[in-house]
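Biologist: I'd like to learn how to read a few features in a structure like this. Can we start with contacts between side chains?

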Amino acid sequence: MTATKKRLKIVAAAALVLLILVYLYRAVSVSAGGMSSAPISTGDEVQARWPPTESPLQRSLQMAYEEQSSLIREQKVELERTREHLAKLEEQIRNLQTSAPRKYPKVKYLNYKNRKRILITGGAGFVGSHLVDDLMVQGHEVIVVDNFFTGRKRNVEHWLGHENFELIHHDIVNPLFIEIDEIYHLASPASPPHYMYNPVKTIKTNTMGTINVLGLAKRVMAKVLIASTSEVYGDPTVHPQPETYWGHVNPIGPRACYDEGKRVSETLSYAYAKQEKVQVRVARIFNTYGPRMHMNDGRVVSNFILQALRNETITVYGNGKQTRSFQYVSDLVDGMIALMGSNYTQPVNLGNPVEQTIGEFAEIIKQLVGGPSKIKQTKAMEDDPQRRKPDITRARQFLKWEPKVPLETGLQRTISYFRNELARSDRFQESSNKYFDTP
């Protein structure tokens with residue numbers, strides 16, 4: 001142990017001497033060589049990088065520029081990392097939204113014996129979407145087929161993801177192969193601007209589309225309800241119009257694509273019923289109004305309400321003496337469901353027997369909405385029916401059905417819907433303008 005300690009002391013002393021010698025050597029070198037042989041400082045290193053002609057100000061600016069460039073590169077890298085992180089977070093949020101249970105309207109439970117699979121063509125439209133609501137609440141499985149020409153996903157979005165609901169983007173002009181128990185065939189544009197926009201397509205929907213629906217019903221032995229229209233009566237010479245009236249239609253007029261298309265649809269339905277034993281129900285639907293109406297469909301109700309809400313002039317086509325009968329959409333849906341569930345096979349009028357002139361109706365809308373709008377008469381539309389009022393004796397007798405919602409109540413609900421839609425449209429327009437108009 002004593003020898004080991006001695007050796008350690010000797011090594012430590014030798015190391016100390018060596019360090020002292022190195023220090024002395026460096027000191028002598030500096031004093032002998034002067035400034036020319038002195039170690040180059042950091043400032044000299046920086047100076048060596050630039051030509052001697054550059055001023056200190058230029059060098060300082062260049063150094064500041066490089067520092068900023070380096071900082072920007074680092075920030076870009078950090079920004080890219082942040083973007084990747086945000087993308088991951090958004091994906092996680094989407095996964096959580098899809099996995100989280102949505103809140104749906106209350107639905108009645110039906111066992112497999114009572115629950116039906118029901119196809120609704122045009123189910124994303126005005127009437128079809130309300131029919132979807134009723135059938136879903138009753139507990140049935142509902143399949144909506146729509147090409148979204150006039151229908152909108154917003155009308156049925158509250159059912160998306162529900163186990164009893166399915167939405168298919170499909171044009172019924174093309175064949176469809178699914179298993180169902182009942183079919184409500186509502187697919188067709190129903191307002192003059194829409195069905196006049198593409199008359200050939202309107203005829204195809206009401207002929208080829210009806211053939212495809214009836215062929216499907218034949219294959220799977222399903223019951224079919226065909227949504228016909230009061231337009232099959234044309235400009236009637238009989239008032240009110242019973243189902244036995246054959247009509248007074250111009251076969252080559254601007255409305256013929258819809259009027260004659262629906263007449264052919266009825267003819268096809270009863271041909272399939274007689275030849276192929278398909279169970280057919282035909283509803284002749286009169287003027288209907290309510291929430292989810294297309295805002296620009298050109299119908300009397302939507303036109304008058306929009307013009308009144310915008311404080312525009314309420315335009316009445318013709319002298320305002322022509323008459324219409326308006327039913328609320330919930331009454332129509334009740335009638336269609338009652339007709340489907342009945343054993344009655346002949347056409348049935350579904351409409352409100354209370355008759356109003358167009359001029360009187362414009363005054364009612366003006367009073368309910370309020371505002372400074374004035375009523376103005378303009379040129380009458382071609383082939384516009386002068387009188388329209390259903391005889392609903394069959395509906396009362398065989399379906400125990402008649403309209404229940406008073407006109408003023410239904411109009412208040414419809415005006416509220418249109419007011420909310422206009423406010424929503426204005427909000428989206430303002431938000432869009434802010435986004436796209438900002439550099």
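Modeller: Sure. A polar contact is a pair of N or O atoms within 3.5 Å, where one must be able to donate a hydrogen and the other to accept it. This is a predicted model, by the way. Here, the side chains of Glu182 and Lys116 are joined by a polar contact of 2.9 Å.

Biologist: Where does Glu182 lie, and is Glu182 buried or exposed?

Modeller: Glu182 lies in strand E4, residues 182–185. Buried means under 20% relative accessible area, and Glu182 has 7%, so it counts as buried. Its contacts farther along the sequence than four places include Arg117, Ala222 and Met340.

Biologist: And how do I read a nonpolar core?

Modeller: Think of buried nonpolar residues joined through side-chain atoms within 4.5 Å. The largest one here has 58 residues, and Leu131, Tyr184, Met336 and Leu350 touch the most other members. Helix H9, residues 329–341, gives the most to this core, with seven residues. Apart from that core lies another, of 24 residues, with Ile172 and Tyr270 among them.

Biologist: What should helix H6 span, going by its residues?

Modeller: The rule is 1.5 Å times one less than the number of residues. H6 runs over residues 199–220, so its 22 residues should span 32 Å, and the end C-alpha atoms are 31 Å apart, which agrees.

Biologist: Where is the kink in H6 centred?

Modeller: On Thr205, with a kink of about 30 degrees. Then, just after H6, Met221 takes a positive phi of about 60 degrees.

Definitions and conventions. Residues numbered from 1 in each chain as written. Predicted model: local features only at pLDDT ≥ 70, side-chain atom pairs only at ≥ 80, totals over all residues. Heavy atoms only, no water. Helix = DSSP H or I, 4+ residues; strand = E, 2+ residues; numbered from the N terminus. Buried < 20%, exposed > 50% of the residue type's maximum accessible area, 1.4 Å probe, protein only. Contact = heavy atoms within 4.5 Å. Bend = angle between axes of the 7 residues up to and from the residue.
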